[in-house]
Amino acid sequence: MIGDLAIAVLGELNVSQNGEALPLPQSKKTRALLAYLAVIGRPQRRDHLCKMFWHVPDDPRASLRWSLHKLRPIVNTDGHERLHADHDSVSLSLERVDLDIRGTASLRRIDLSVMDTETLESLVAIFRGEFLEGLSLPHCPSFEAWRQYHRDKALRLHAAVLRTLIGRLRDNPERVHVHSMALKRLATEIVDVDLPDQRSEPRDARPIALSCSRRPQEIRFCKTADQTTIAYAVCGHGSPIVRAAHWMSHLQYEWESPVWMHWIDALSEETMLIRYDERGTGLSDWVAEDISFTAMIADLEAVVDAAGLERFTLLGVSQSCAVSVAYALRHPERVTGLILYGGFVKGWRQRGDSHEIATHEAMTALIREGWGQNNPVFRHLFTTMFIPRANQVQMDWFDELQRISVSPCNAGRLHEAFGEIDVSNLLSQIKVPTLVLHARNDAVVPFGSGREFATGIPSARFVDLDSANHILLPHELAFEQFVRELRQFVCETA
């Protein structure tokens, strides 16, 4: 033990001093704040913490101060000042603190193979339960996404340790039985865990899927030049493909969705897929002064650099088609191929149609007023435009995505920013191979807007998809065609 204070997050949150459990605050958000600061282990901006745990109509800063007041006597109980807070940031020093997850965070499967059996069994004992068991905050989506990510990661590691032990202890049936039963219990939480026959060799090389998607994703963060934090996710293996951020994305929420999951599965099956949430949305910073087209390009540049990509395929979806075109013109040496789906060359204001402009201006006002309301009727208007052929489950999920992924203010700001986009003067300068696809009856972006990319970019190939959905749904022939065309294009250009 390296310190007198111990914090356990694998299982129910527990804080103890010299082996004696300390009473924790009744407030779940205060306990969640403590766990978050302990696991993150670095200073966090007050604005970020307020956004993560408290709603804007409340007084987030006062709520944060109250929670910090409740936590100080717990973490500073032995005379060591561990909780530090100034006007801008909050941090929890882990000096002389035992954090149970600290020794597991960087472990890989290959590390388990070289550990001795005693060490592996002591590692199993750390997993008292799920990560932050019982500390779910469904009304705090950013915290929930973070908690779910660490929960899944811990479950994967726990299962991998158990499977390694089962392979090691084949000559000790009693101990194998104990670990096999534990692994079976985990199977109720992890989809498709490979439960090895005790008579056979464990197949440690097989991946353990933790959600409806077959491959695990890893969420990371990076900073742009203006110090905006951008969240991005990596999954799959092979030639890299970057999906430029589009409106209403949330890396964790869409990972488990009936609207985007089939996209993620298909794109990561034969390639390494990198996705990110643009500023103002999802797991990226919601507090961003600059939400402009230039800032959108900067977000993409930051993610590509942080992911260490030298050459990759770039996929633009909806408004990020224009962002992708601008990036490809700036960095043609890095883009092996450009795929543009459902995009527009000119935003709604730049297209110059007075009726369309009046309609979108009214929509902006409605977004700012109605987006954040608990009644989903307003958001359902957008859902029926984006996925008119969806079933009720898909529509309900998309209604909720709008609320979770972006605030009413940011949704309005982004909608305005999209109206100002115009890359018409860039198209003729694009030299990288380009594939353009568009749904024939798309109600969100007119078919002619997509066709304009194909006519303006030299040698671009255009594919007309028979669908009315802006987001292609599973089991649509149009989605099968989209995947087939995309894979063929990647093979030809990668």
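**A sheet and its helices**

In this predicted model, eight strands form an open sheet. Their order is 8-9-11-10-12-13-14-15, and the pairing is mixed. Look at the edges next. Strand 8 (217–223) and strand 15 (461–465) stand there. Each has a single partner strand, so one side of each is left without a neighbour in the sheet. From one strand to the next, the twist averages 20 degrees.

Now step inside the sheet. Strand 10 (residues 239–243) and strand 11 (residues 271–276) run parallel. Five bridges join them. Within this pair, Ile 241 faces Leu 273, standing opposite it in strand 11.

Helices lie against these strands too. Helix 9 (residues 261–268) lies across strand 9 (229–235), strand 10, strand 11, strand 12 (312–317) and strand 13 (335–341). Helix 9 runs at about 140 degrees to strand 11. Helix 17 (residues 477–493) also packs on the sheet. It touches strand 10, strand 11, strand 12, strand 13, strand 14 (434–439) and strand 15. The direction of helix 17 makes about 165 degrees with that of strand 13.

Turn next to a pair of helices. Two packed helices are described by the angle between their axes and the distance between the axes. Helix 1 (residues 28–40) and helix 3 (residues 60–75) pack at about 65 degrees, with their axes 10 Å apart. Their crossing is right-handed. Which residues meet in helix 1 and helix 3? Helix 1 brings Thr 30, Leu 33 and Leu 34. Helix 3 brings Leu 64, Trp 66, Ser 67, Leu 68, Lys 70, Leu 71 and Val 75. By class, this contact has seven nonpolar, two polar and one charged residues.

Conventions: Residues are numbered from 1 along each chain as its sequence is written. This is a predicted model: local features need pLDDT of at least 70, side-chain atom pairs count only at pLDDT 80 or more; totals for chains, interfaces and linings use all residues. Side-chain values use heavy atoms; hydrogens and water are left out. Axes are lines fitted to C-alpha atoms, for helices over the stretch in contact, and angles run from 0 to 180 degrees between N-to-C directions. Helices (H or I, at least four residues) and strands (E, at least two) are DSSP runs, numbered from the N terminus. A crossing is left-handed if the near helix is turned anticlockwise from the far one by less than a right angle, and right-handed if clockwise. Contact means heavy atoms within 4.5 Å. Ala, Val, Leu, Ile, Met, Phe, Trp, Tyr, Cys and Pro count as nonpolar, Asp, Glu, Lys and Arg as charged, and the others, Gly among them, as polar. Two strands pair if DSSP finds at least two bridges between them.
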